[in-house]
Structure formats: structure tokens, C-alpha cells
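Here are my notes on the protein–DNA contacts in this entry, set out as numbered points.

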There are 2 protein chains.
Amino acid sequence: MATQPRSTDDILREALEANGQRFTEQRAAVYHFLASTRSHPTADEVYLQVRSAVPVISLATVYKSLETLVGCGLAVKLTYGDGSARYDGRTDPHHHARCLSCSRIVDLPGQVPAEEIEELHEDTGSFQVTGYRLEFTGYCADCAAERRGASEAMAHG
Amino acid sequence: MATQPRSTDDILREALEANGQRFTEQRAAVYHFLASTRSHPTADEVYLQVRSAVPVISLATVYKSLETLVGCGLAVKLTYGDGSARYDGRTDPHHHARCLSCSRIVDLPGQVPAEEIEELHEDTGSFQVTGYRLEFTGYCADCAAERRGASEAMAHG
DNA sequence: GTATCTGCAAATTTTTTGCCAGTAG
DNA sequence: CTACTGGCAAAAAATTTGCAGATAC
């Protein structure tokens with residue numbers, strides 16, 4: 001039995017090689033940060049964070065690295081029409097929820113209802129479905145509490 | 001029984017007034033175009049199309065009008081990480097599917113599985129869900145056919 | 001050794017803004 | 001009449017690109 005790759009560097013190296021790309025310190029730093037955070041950072045946020053771990057890296061390189069990772073399937077690009085794209089390095093299946101109040105994006109603890117979604121595939125006419133993305137909007141715990149507080153205060157006049 | 005508003009202008013006027021906004025020719029033109037197309041245009045595409053219907057309108061006004069419509073709930077802003085945002089003026093419930101090959105966005109004939117999605121709401125931890133967005137990725141009829149053709153040609157060597 | 005990658009800064013693309021005149025209500 | 005809008009062009013923000021030196025393999 002061959003040993004499975006285990007470290008994030010091993011995973012990255014394999015994915016890169018499978019796509020004919022080279023393993024570099026910058027890409028490793030970007031990937032390592034992405035895989036370790038749940039904050040769904042923008043390219044700029046990745047840049048700021050990674051700079052503290054790598055001697056030197058440029059914003060352009062961060063953009064290039066992020067696109068490389070997306071191309072290798074190691075990251076997902078998320079957009080919400082609020083200016084900048086966000087990246088998610090978590091590859092296990094999960095959904096996102098975006099807070100309408102503070103714009104934070106949180107991972108939902110609930111898991112993928114794959115079977116239910118797949119029922120829908122049958123009903124998509126001539127469109128051949130290969131994947132889907134389910135996103136929720138609403139209010140995160142903090143903002144929901146604030147809103148409750150606000151409407152109570154209102155009710156009490 | 002009061003007469004229900006029926007024309008797109010009436011709908012627009014009511015929605016604008018409900019949000020303290022004024023009814024203008026430019027907003028009407030943008031809304032009318034959005035509501036009548038299934039093409040999910042970018043702001044720039046709206047601009048080009050609307051210019052042929054309205055004496056004069058600027059791109060900046062199109063942007064402002066689109067955001068106004070979104071604010072009034074008469075349009076939905078869609079983003080797909082490929083540069084520019086797209087707008088959808090259809091307010092009836094439906095889902096979108098994006099073709100991975102030609103990037104076209106099509107409306108899915110399938111309807112909203114509201115009950116199934118609502119089951120998920122219960123499992124979203126502390127996040128208070130108010131809405132969701134379900135998007136499919138895959139291949140539209142044309143591109144799916146092309147791909148089939150391509151792989152058959154390959155198989156035949 | 002060579003093709004690929006990085007860094008830099010400039011270019012491009014998309015979206016927003018300030019200000020004055022025009023218009024809806 | 002008065003506040004809100006639209007047009008213009010400039011600004012801002014996000015992302016991409018070209019090129020020369022550095023680096024992975």
C-alpha cells in the first residue's frame with residue numbers, strides 16, 4: 001500500500017504536478033493560508049495575511065496563485081457582487097451563508113442534501129447538470145441578536 | 001375590489017414609491033428591458049440595449065438605476081466571478097444554470113423545491129436564514145451536444 | 001539549462017462619485 | 001418650489017499583463 005499524501009504541501013504538490021504547474025513557496029503560502037482559515041478572504045486579504053508568513057510576495061502573485069489553485073481544484077472562487085471576489089480553500093462539501101447585515105460569509109454546519117438536489121437534475125430540461133451551488137442569505141448570530149434587540153426596543157417605544 | 005396594477009410601469013412606480021424613489025423614464029426603460037429579456041445582461045449590455053429605446057441615457061445612470069431596482073426588489077444581481085455582474089429582472093421563482101463551456105446563463109424550467117430547502121433551515125445552527133440561491137453548473141444543450149460529438153470523434157480515433 | 005514563475009508597475013476593466021442642471025411630485 | 005435624478009467625466013477599486021531576473025526541476 002502506498003502512503004497517502006498527508007501534508008498540505010504534499011497535496012498541493014500533487015495537484016500542481018497533475019496540472020503541469022510548479023510547486024513554489026508563494027503558492028504554498030497562499031494555499032496553506034486558504035486551507036487553514038474559515039474566513040473566505042478576498043485576494044487582498046490573502047495578500048495581507050500571507051505577507052506575514054512569506055519573506056516577500058506581491059499582490060499580482062497572489063492573484064495568479066489563487067487562480068492557479070482554483071484551476072487545480074484546490075480552492076473555490078466565490079463572488080457576491082460586493083466588489084471583490086472571495087476564495088474558499090476548504091474542499092469538503094459544505095454550504096455558505098452570507099449575512100445581509102455585516103456581509104460576513106459563514107460555513108453552514110448542515111451538510112449537503114445531495115439526494116434531494118439530484119432529484120432536481122432530472123427536471124432541468126436540456127441542461128446537463130454537473131454541479132450546483134447552494135447559498136443562503138440571512139443574518140448571522142450576532143446580527144440576528146442585534147436586530148432582535150432593535151425591534152424590541154422599538155416595541156417598547 | 002381595487003384594480004391590481006398590471007403594466008410594468010405601474011409595478012415599477014409602486015415599487016419605487018414604496019421605497020421613496022421617483023419614477024423616471026430612464027428607470028422605466030431599464031426595468032422594461034430587464035423584465036422582458038431572459039438574457040441576464042451585464043450593466044454594459046443593458047446600457048447598449050436601452051440606448052436604442054430611450055433618447056439618451058448614460059452608463060452611470062444604468063448602474064444607478066439597476067441598483068435602485070435591486071433595492072426595490074424588482075431585479076436580482078447575479079455574479080459569477082467572471083468580471084462583471086449580471087442582472088435578472090424576472091421575479092417569478094426560478095433557478096439559474098451556468099454553462100461551463102459558453103458561460104451562458106439559462107433559466108431552469110424546474111421549479112423551486114421550497115419544502116426541501118426549508119428543511120435545511122432548521123439545521124443552519126445559529127444562522128437565521130431568510131432566503132437562498134440555488135445555482136447549477138453544467139453544459140447547455142448546444143455545448144453538451146458539441147461535447148458528445150467531440151468525445152465520439154475521439155472514440156472513433 | 002530551460003521553461004516557468006515572481007515582482008513590479010502600468011494597463012485594463014468594472015463600478016462609483018461629485019457636481020450642476022433638469023424634472024417629478 | 002424643492003429634493004431627488006441624470007449626465008458627464010474623473011476617480012476609485014479590482015484584476016490582469018508584459019517583461020526581466022530568479023527559480024524549480
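1. A polar contact here is a pair of N or O atoms within 3.5 Å; within protein, one must be able to donate a hydrogen and the other to accept it, and residues adjacent in sequence count only if both atoms are side-chain atoms. A polar side-chain atom of B:R22 lies 3.4 Å from a base nitrogen of DNA strand C, and the side chain of A:R22 has an N or O atom 3.0 Å from a base nitrogen of that strand.

2. This is a predicted model, in which local features need pLDDT of at least 70 and side-chain atom pairs count only at pLDDT 80 or more, while totals for chains, interfaces and linings use all residues. Residues are numbered from 1 along each chain as its sequence is written, chains are lettered from A and ligands numbered from 1 in the order written, and side-chain values use heavy atoms, without hydrogens and water.

3. DNA strand C is surrounded by 20 residues, the closest being A:T24, A:V56, A:T61, B:Y63 and B:A85 (near means a heavy atom within 4 Å). Of the strand C atoms within 4 Å of the protein, 72% are sugar and phosphate. At the backbone, a polar side-chain atom of A:T61 is 2.5 Å from a phosphate oxygen of strand C.

4. For DNA strand D, 20 residues surround it, with A:Y63, B:Q21, B:T24, B:V56 and B:T61 the closest. Sugar or phosphate makes up 71% of the strand D atoms within 4 Å of the protein, and bases the rest.

5. Which atom of DNA strand D is 2.3 Å from an N or O atom in the side chain of B:T61? The partner is a phosphate oxygen. Another phosphate oxygen contact, at 3.0 Å, involves a polar backbone atom of A:A85.
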